[in-house]
Amino acid sequence: MKFTPKMKIFKSTIKKTIFLLKSIFLLDKLKQREQNGEIERFTHLKFISKTKLKVPFSLGRSSNGYSFNKKEIKDPIYKIFYEASKKEDLEVIRDSLYEKFKKESNLTAADILGLKSNTKLKKYPAWSYVLPWADQDIEIKYKTYENIQKINRKRKSLDYNFKHLANNNQYIYSIEMADSQVNQSIRLLDSISRNGFKSELGLPSFYILVKDKEWRWFMSQGNHRAYILYLLNYKFIDGTIDSVIYKKKSHLWPNVKNGLFKIEEAELVFDYLFEAKSPVGPLV
């Protein structure tokens with residue numbers, strides 16, 4: 001559906017009104033118990049999709065399912081920013097990432113989600129994974145993801161010659177892609193370190209995960225900006241709520257209803273993210 005200029009103005013006005021109302025009633029800020037992951041009586045009013053909320057990194061998960069933890073750096077993408085901030089050699093950083101790419105290139109979507117017995121997910125490479133609650137078809141992602149990545153590289157002035165690479169897996173897990181990933185990360189780190197975080201350029205977005213009377217959040221868009229802010233010792237991040245995922249509604253999740261995930265598999269992926277027990281999602 002294409003939005004007309006009038007529809008876009010109306011949509012923008014509605015959004016600004018909701019943002020204003022949340023601010024007036026202090027629904028854009030979390031109380032101390034909510035910052036600790038507890039859900040109080042009016043917490044759900046703060047979890048309105050497409051509205052802003054300031055959330056603590058202590059409850060956050062990266063798009064790969066890692067917790068934000070400086071003491072024990074397990075997240076390979078966060079490690080890029082950390083090592084770059086320490087002035088490590090960029091070729092060494094790139095080669096380290098490429099080695100991880102090579103290992104991941106042999107994994108399936110089932111492997112990357114920790115569901116090795118799921119025969120449907122086994123048919124797809126790791127990078128084409130979809131989450132159980134996502135309104136995204138895995139076959140469509142498999143057919144379109146490579147072109148999306150190429151467009152993103154060009155948009156960020158990181159265009160590389162990939163013509164010698166025969167297929168999706170070779171392209172996505174190539175040393176050129178690792179080099180592109182590192183260079184993009186370094187440029188963003190340098191920009192935010194010098195100029196600060198410019199929220200007017202667009203806020204990051206995240207999902208809210210709700211399990212019984214507790215909640216967590218994990219990144220949807222803006223993963224790299226989140227890493228940098230955390231590295232710069234920010235305790236909170238301002239972002240937009242993409243959607244709210246309730247574990248108790250797992251039977252209604254799109255990729256459960258279409259049969260890609262069994263309910264128990266879908267809930268296991270949810271728990272992996274909620275507890276940060278196991279990484280969920282590829283590096284690309």
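Strand β3 (residues 205-211) pairs with β4 in the antiparallel sense, over seven bridges. Within that pairing, S205 has Q221 of β4 as its bridge partner. The model described here is a predicted one.

The hairpin of β3 and β4 has two residues between the strands. D212 lies in the loop between β3 and β4, and its phi is near 55°, a positive value in a residue other than glycine. With a relative accessible area of 71%, D212 is exposed, because exposed means over 50%.

K50 also has a positive phi, about 70°, although K50 is not a glycine. The place of K50 is the loop between α2 (32-35) and β1 (52-56). At 44% relative accessibility, K50 counts as partly exposed; the cut-off for exposed is over 50%.

Back to the strands. Strand β4 spans residues 214-221, and six of its eight residues are buried, so β4 is largely enclosed by the rest of the structure. Buried here means under 20% relative accessible area. Besides its antiparallel pairing with β3, β4 is joined by two bridges to strand β2 (residues 60-61), and β2 and β4 run parallel. On the β2 side, R61 has F218 of β4 as its bridge partner.

Strand β3 is also joined to strand β5, by five bridges, and these two strands run parallel. In this pairing I208 stands opposite V244 in β5. Strand β5 covers residues 236-246 and pairs with β1 in the antiparallel sense, again over five bridges. There K52 stands opposite T240 in β5.

The pairings can be followed from strand to strand. Starting at β2, two bridges lead to β4 in the parallel sense. From β4, seven bridges lead to β3 in the antiparallel sense. From β3, five bridges lead to β5, with the strands parallel. From β5, five bridges lead to β1 in the antiparallel sense.

Which residues does E275 contact, leaving aside its neighbours within four places in sequence? They are R61 and K211. R61 is the residue that has F218 as its bridge partner in β4, and K211 falls within strand β3 (residues 205-211). E275 itself belongs to helix α11 (residues 263-275). Its relative accessible area is 35%, and E275 is therefore partly exposed. E275 and R216 are 59 residues apart in sequence, and their C-alpha atoms are 8.7 Å apart in space. R216 lies within the residue range of β4 (residues 214-221).

The remaining topic is a pair of helices. The axes of helix α8 (residues 175-195) and helix α9 (residues 223-231) come within 10 Å and cross at roughly 50°. That angle makes α8 oblique to α9, because angles under 35 degrees count as roughly parallel and those from 65 to 115 as roughly perpendicular. The crossing of α8 past α9 is right-handed. On the α8 side, the contact is made by Q181, Q184, S185, L188, L189 and I192. On the α9 side, H224, R225, I228, L229 and L231 take part. By class, the contact of α8 with α9 has six nonpolar, four polar and one charged residues.

Note on methods. Residues numbered from 1 in each chain as written. Predicted model: local features only at pLDDT ≥ 70, side-chain atom pairs only at ≥ 80, totals over all residues. Heavy atoms only, no water. Axes fitted to C-alpha atoms, helices over the stretch in contact; angles between N-to-C directions. Helix = DSSP H or I, 4+ residues; strand = E, 2+ residues; numbered from the N terminus. Parallel < 35°, antiparallel > 145°, perpendicular 65-115°, else oblique. Left-handed = near helix turned anticlockwise from the far one by under 90°. Contact = heavy atoms within 4.5 Å. Nonpolar A, V, L, I, M, F, W, Y, C, P; charged D, E, K, R; others polar. Buried < 20%, exposed > 50% of the residue type's maximum accessible area, 1.4 Å probe, protein only. Pairing = 2+ DSSP bridges.
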